[in-house]
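Here is a quick tour of one model, written for someone who likes to check the geometry before trusting it. We'll begin with confidence and then look at some packing.

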Amino acid sequence: MTERQGQTASDAVLTRIGQVVMLHHAGDREEARHRLLELWTEIGEHGDPLHRCTLAHYLADTQDDPDAELAWDLRALTAAEELVDGRSAEYGQLAAVRALYPSLHLNLAADYVKLGRREAARSHVRRARGAAGALGDDTYGDGIRAAISRMELRLGEGAGEGDGSGGGTWGPPRQRP
């Protein structure tokens, strides 16, 4: 019973985050940032790592300052690492968290590009490619793989050939029947 109550509370926070993200996608970036920051204050710097990862990931998208965006993306990665380092079993989310890594590293690569730090960007795009094996064969996975390839081209990294990641070359998304 206690486990179910904790899961319900966790789901409620994720639902609230999702509602604010819809607000952001509808174009109200400032209000979304304000509400996400309120949620961040509510759960705290040491709150549930799944909540912190999700919140920080979306908070980064609402930032106007590239340094602030980088700081939030780094918080998201740190929280994801906490989940993978043992707490993810509690949530049954290990596979889902691993599938977030390519996106988290891709966001960091984009942040570093904005800040003119190309070597750091290259490092993170390589990490994104290396983690891409955890992506599903679905629209989300196809989109992240395509974004990794675009970032590699932007950074002059090629399409993963010869970079030691074992990623190979990705083509366009496959058509589904």
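## Where to trust it

Residues 1-6 keep a pLDDT under 50, and the model gives them 0 contacts beyond four places in sequence. Residues 160-177 also have a pLDDT below 50, but that stretch has 25 contacts in the model beyond near neighbours in sequence. Bear in mind that this is a predicted model throughout. On average the protein comes in at a pLDDT of 84, with 79% of the residues scoring at least 70. Looking at the elements, helix H1 (residues 2-25) has the lowest mean pLDDT, 76, while helix H6 (residues 118-131) has the highest, 97.

Now for the aromatic side. The structure holds 1 aromatic pair. The partners are tryptophan 40 and tryptophan 72, arranged edge-to-face, with 4.9 Å centre to centre and 85° between the planes. This pair ties together distant parts of the chain: tryptophan 40 belongs to helix H2 (residues 29-43) and tryptophan 72 to helix H4 (residues 66-91), 32 residues apart. Both tryptophan 40 and tryptophan 72 are buried. Tryptophan 72 has a charged companion too: the charged end of arginine 75 sits over its ring, 4.2 Å from the centre.

Here are the distances from this part of the model in one place.

| Items | Distance |
|---|---|
| Tryptophan 40 and tryptophan 72, ring centre to ring centre | 4.9 Å |
| Arginine 75 charged end to tryptophan 72 ring centre | 4.2 Å |
| Leucine 59 and arginine 35, C-alpha atoms | 9.6 Å |

That last row brings in leucine 59, which is found in helix H3 (residues 49-61). Is leucine 59 buried or exposed? Leucine 59 counts as buried because its relative accessibility is 0%. Setting aside neighbours within four places in sequence, leucine 59 is in contact with Arg33, Leu36, Leu37, Trp40 and Trp72. So both tryptophans of the aromatic pair appear among the contacts of leucine 59, which counts as buried at 0% relative accessibility. Arginine 35 is 24 residues away from leucine 59 along the chain.

Finally, have a look at helix H7 (residues 139-155). Its 17 residues reach 24 Å from the first C-alpha to the last, close to the 24 Å expected at 1.5 Å a residue. Which residues of H7 are buried? They are Gly141, Asp142, Ile144, Arg145, Ala147, Ile148, Ser149, Met151, Glu152 and Leu155. Helix H5 (94-114) and H6 are included in what covers them. Just after H7 comes glycine 156, with a positive phi of about 70°.

Technical notes: Residues numbered from 1 in each chain as written. Predicted model: local features only at pLDDT ≥ 70, side-chain atom pairs only at ≥ 80, totals over all residues. Heavy atoms only, no water. Phe/Tyr/Trp six-rings, centres within 6.5 Å; stacked < 30°, edge-to-face > 60°. Helix = DSSP H or I, 4+ residues; strand = E, 2+ residues; numbered from the N terminus. Buried < 20%, exposed > 50% of the residue type's maximum accessible area, 1.4 Å probe, protein only. Lys NZ or Arg CZ within 6 Å of the ring centre and 35° of its normal. pLDDT = per-residue confidence, 0-100. Contact = heavy atoms within 4.5 Å. Expected span 1.5 Å × (residues − 1).
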